[in-house]
Amino acid sequence: MKQFKNLFFVSLILLCWLFISCKTTKVPEGWSLVWKENFNQKKNFDSKVWSKIPRGKSDWNNYMTDFDSCYAMREGKLVLRGIVNQVQPNDTAPYLTGGVYTKGKKAFINGRIEICAKLNAAKGAWPAIWMLPEKAAWPSGGEIDIMEMIGGTIRTDETNEENQSNKVVYATPHFYYANGDADKDGSYSPYALGRSIGMDDDFNDEYHIFGINWSEDRIEWYLDGEIYSTIEYDQSDARIRALQACFNKPQYIQMNLATGGNWAKNAGDHLADDNTEFVIDWVRYYQNDEQKASSDDYYSDSPVMKGIKNISMMEG
């Protein structure tokens, strides 16, 4: 009987762990771990790798702040928060949100990039994991949106607007294609090549692993190890040739929480009350032999940059 109780107790701990941390995905044979970030720091994230994202004029960064209340290190995880601005009287932004990136500090090209994260639900909350060009202007350097979710309400006194839902995440490539820039914003409309995936359960119920497999001949997006979107570099398609030309340069990783704007819509009245958080457990970067050879070839042919000029990105 004692042995049964012990087994039950261990099983209960393992079950609970699935809800407070990430399930691991089996890495296929032939892959190697190149770099990882476990966010095990006690007080602050590693400033040698990550920086807080400054405020900008786009929907995704117009409420960004370096205010400490929007950032936390908690039990080996990075926490990015969205709050109603009742704490910064000289700041006219109605909301404040947190975000980090590796810009100017660490870049990635060709590999399997995975992020274990939990997306807490709230109306208009907009957690995103994406990659942007390190040494090229947008959109000619490409943008890989690994994951975006437009959060939905968990309250009975609010109504969701358009895409607001806690059950759907989006994967989108942005790139320059001269013949397809219908809205004249400098990038090809993402709807033709973007994809989404839905769940019966809310994404905020537990942690999930969001990732891409980025190679010379394709990009794959996957959720918890299952591929749900693939773009193969078909040389007979002019759009795909344009995409490939954009995604042959190193990019940095960006993880941020945003709210409001044309896509995320109204954040409602309970952003802080609903414990709006984007919690990141870890980030991992793998390469197989082919991807390593490709990245080695790129860097062997590229000059070493001593400084990187900041570029303002107006759309994303």
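Exposed means over 50% relative accessible area, and buried means under 20%. The model used here is predicted.

**Exercise 1. Two positive phi angles**

Compare the settings of Phe 39 and Glu 75. Is each residue buried or exposed?

Step 1. Start with the backbone. Phe 39 is not a glycine, yet its phi is positive, at about 50 degrees. Glu 75, also not a glycine, has a positive phi of about 55 degrees.

Step 2. Place them. Phe 39 sits in the loop between β1 (31–37) and β2. Glu 75 sits in the loop between β3 (71–73) and β4 (78–84).

Step 3. Apply the cut-offs. Phe 39 has a relative accessible area of 0%, so it is buried. Glu 75 has 71%, so it is exposed.

**Exercise 2. The nonpolar core**

Find which members of the largest nonpolar core touch the most other members. Then trace the contacts of Met 255.

Step 1. The core holds 60 residues. Trp 50, Phe 210, Met 255, Phe 278 and Ile 280 touch the most other members.

Step 2. Take Met 255 and set aside its neighbours within four places in sequence. Its contacts include Phe 39, Trp 50, Phe 278 and Ile 280. Leu 80, Ile 115 and Val 283 are also among them.

Step 3. Return to Phe 39. This contact of Met 255 is the buried loop residue of Exercise 1.

**Exercise 3. The open sheet**

Work out the strand order of the seven-stranded open sheet. Which strands are at its edges?

Step 1. The order is β2-β6-β15-β8-β9-β10-β11, with antiparallel pairing.

Step 2. β2 (51–52) and β11 (195–198) each pair on one side only, and they are the edge strands.

Step 3. Look inside the sheet. β9 (residues 143–148) and β10 (residues 168–174) pair over four bridges. Glu 148 stands opposite Tyr 170 in β10.

**Exercise 4. The loop between β8 and β9**

Examine Pro 139 and Glu 134 in this loop. What is the peptide bond from Trp 138 to Pro 139, and which side chain of opposite charge is nearest to Glu 134?

Step 1. The bond from Trp 138 to Pro 139 is cis, with omega near 10 degrees. Pro 139 follows β8 (125–133) in the loop leading to β9.

Step 2. Glu 134 is buried. Its nearest side chain of opposite charge is Lys 103, 6.5 Å away. A salt bridge needs 4 Å or less. Glu 134 has none.

Step 3. Check the backbone. The nitrogen of Gly 104 lies 3.1 Å from a polar atom of the Glu 134 side chain.

How values were computed
Residues are numbered from 1 along each chain as its sequence is written. This is a predicted model: local features need pLDDT of at least 70, side-chain atom pairs count only at pLDDT 80 or more; totals for chains, interfaces and linings use all residues. Side-chain values use heavy atoms; hydrogens and water are left out. A nonpolar core is a set of buried Ala, Val, Leu, Ile, Met, Phe, Trp, Tyr and Cys residues joined through side-chain atoms within 4.5 Å. Buried means under 20% relative accessible area, exposed over 50%, partly exposed in between (1.4 Å probe, protein chains only). Contact means heavy atoms within 4.5 Å. Two strands pair if DSSP finds at least two bridges between them. Helices (H or I, at least four residues) and strands (E, at least two) are DSSP runs, numbered from the N terminus. Lys and Arg count as positive and Asp and Glu as negative; His and the chain ends are not counted. A polar contact is a pair of N or O atoms within 3.5 Å; within protein, one must be able to donate a hydrogen and the other to accept it, and residues adjacent in sequence count only if both atoms are side-chain atoms.
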